[in-house]
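Biologist: Could you walk me through this one before I start drawing figures?
Modeller: Gladly, let me put it up so that we are both looking at the same thing.

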Amino acid sequence: MQVSPFKNCGAVVSNLQLATMTDTELVELRNAFTEYGLLFFRDQDLPPQEHLRFANRFGSIVVNKFFKTSADSPQIAEVRKEKNQQTNIGGGWHTDHSYDDIPAMGSILVARTLPKTGGDTQFANLAAAYDALPSDLKTKIEGLRAIHSNTHLYGENGLYRLTDLNEQLGGMDRVGDATHPVVIKHPESGRKVLYVNPGHTIQFEGWDFAESRALLDELYAHVTQPQFTCSFNWLPGSVTFWDNRCTWHQANNDYQGQARLMHRITLAGSALDAA
Ligand SMILES: O=C(O)CCC(=O)C(=O)O
Ligand SMILES: [Fe+2]
């Protein structure tokens, strides 16, 4: 198994087949996951049952409350865009399930149907972004907590409900909020990480909306600089495994008229403590 840093975030793991890896390789993979928080794999043979088996070897599965699940398994979420559909899932920067009290640890995404071109996924490295924050911003956000929600996306009249993605979504009654520290101590690496994201963070606890908006926008402008982000181009057999506590991602929606289907399994995490 070989682990090579990828652009500005994450690493490519080669010489490893996820479906047949040994327990020793699994330990190495855990270490790489803790170090990089974002791993890319090529040329994998990972049919749904092997996708599930890999997920269960690594952690315990948690099911998304809103996405349709695959006919292969109720534990596999479909990230689907039909040929005639305009809106895609995850088209803006976010991290998965930050609206839960105990957010998901990671997500394992497997390519099933890809457009001829386009449909890359972009990632951001929130540990590196935190480290590089100007010290006055670090001081400003120390000790803050933020409210994360899904109501504005998946609730009645939520953003996604007003698009042609709605047919693929359920769980309108399962919306809710959670609060988390703005700077968390990563549960495994111990690193300080900026834990707010454009998709789900709505405001800082105890702050008004406009004040929150201004600081969130400042933080987001910092994170989305090229030195903290990268783009991954999917090929048949590609798999990506990201840590939701220290990355953001967004799926490019630049392949109108073509279908794209990904299978996602999400792994359960632990409560997040302030750094
Ligand atoms: O389709 C993608 O590339 C990513 C979509 C997404 O946000 C997810 O699977 O969590
Ligand atoms: Fe996502």
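Modeller: Before anything else, please keep in mind that this is a predicted model.

Biologist: Fine. I'm looking at helix 1, so what covers its buried residues?
Modeller: The cover over the buried residues of helix 1 includes strand 1 (2-5), strand 2 (11-14) and strand 3 (38-41), together with helix 2 (48-58) and strand 15 (239-243).

Biologist: And which residues of helix 1 are buried?
Modeller: The buried ones in helix 1 are L26, L29, A32 and F33. Viewed down the axis of helix 1, they fall within an arc of 120 degrees, so they line one face of the helix. That fits the general pattern, since an α-helix has 3.6 residues a turn, so residues three or four places apart point the same way.

Biologist: What sits on the other side of helix 1?
Modeller: There you find T24, N31 and E35, which are exposed.

Biologist: How does the length of helix 1 work out?
Modeller: Helix 1 covers residues 23-36, and at 1.5 Å a residue its 14 residues should span 20 Å; the C-alpha atoms at its ends are 20 Å apart, which agrees. Just after helix 1 comes G37, which takes a positive phi of about 70 degrees.

Biologist: You mentioned helix 2, so which of its residues are buried?
Modeller: In helix 2, the buried residues are P48, H51, L52, F54, A55 and F58. Around the axis they cover an arc of only 160 degrees, which puts them on the same side of helix 2. They pack against helix 1, and also against strand 4, strand 6, strand 7, strand 15 and strand 17.

Biologist: Let's go to strand 17, then. Is it enclosed or open, and why?
Modeller: Strand 17 runs over residues 260-267, and 8 of its 8 residues are buried, so it is largely enclosed by the rest of the structure.

Biologist: Which residues point which way from strand 17?
Modeller: R260, M262, R264 and T266 point one way, whereas L261, H263, I265 and L267 point the other way, and all are buried. In a regular strand the side chains alternate between the two faces of the sheet.

Biologist: What pairs with strand 17 over 7 bridges, and in which sense?
Modeller: That is strand 7 (residues 106-113), which pairs with strand 17 in the antiparallel sense, and within that pairing G106 stands opposite L267. Strand 6 (residues 73-81) also runs antiparallel to strand 17, joined to it by 5 bridges, with A77 as the bridge partner of R264. Strand 4 (residues 61-62) is joined to strand 17 by 2 bridges, again antiparallel, and I61 stands opposite L267.

Biologist: Staying in strand 17, what is M262 in contact with?
Modeller: Setting aside neighbours within four places in sequence, M262 is in contact with A77, E78, V79, L109, V110, A111, R112, L114 and W234. At 0% relative accessibility, M262 counts as buried. M262 and S70 are 192 residues apart in sequence, yet their C-alpha atoms are 10.0 Å apart in space.

Biologist: New topic: which residues surround ligand 1?
Modeller: Ligand 1 is surrounded by V79, I89, G90, H94, D96, L109, T121, W242, H249, A251, R260 and R264. Two of these names, R260 and R264, came up already as residues that point one way from strand 17.

Biologist: How far is the side chain of T121 from an oxygen atom of ligand 1?
Modeller: An N or O atom in the T121 side chain is 2.5 Å from an oxygen atom of ligand 1. For H94, a polar side-chain atom lies 3.0 Å from an oxygen atom of the ligand, and for H249 the distance from a side-chain N or O atom to a ligand oxygen is 3.1 Å.

Biologist: Elsewhere, what does the side chain of H148 make a polar contact with?
Modeller: H148, which is in strand 9 (residues 145-149), makes a side-chain polar contact with the side chain of S98 at 2.9 Å. H148 is buried, with a relative accessible area of 0%. Residues that H148 touches beyond four places in sequence include Y99, D177, H180, Y195 and H200.

Biologist: Last one: where is S212 found?
Modeller: S212 is in helix 6 (residues 209-223) and is buried, with a relative accessible area of 0%. A polar atom of its side chain lies 3.1 Å from the backbone nitrogen of F204. Apart from neighbours within four places in sequence, S212 is in contact with Q203, F204 and W207.

Conventions
Residues numbered from 1 in each chain as written. Chains lettered and ligands numbered in written order. Predicted model: local features only at pLDDT ≥ 70, side-chain atom pairs only at ≥ 80, totals over all residues. Heavy atoms only, no water. Buried < 20%, exposed > 50% of the residue type's maximum accessible area, 1.4 Å probe, protein only. Helix = DSSP H or I, 4+ residues; strand = E, 2+ residues; numbered from the N terminus. Pairing = 2+ DSSP bridges. Expected span 1.5 Å × (residues − 1). Arc of directions from axis to C-beta. Contact = heavy atoms within 4.5 Å. Near = heavy atom within 4 Å. Polar contact = N/O pair within 3.5 Å; in protein donor to acceptor, adjacent residues only side chain to side chain.
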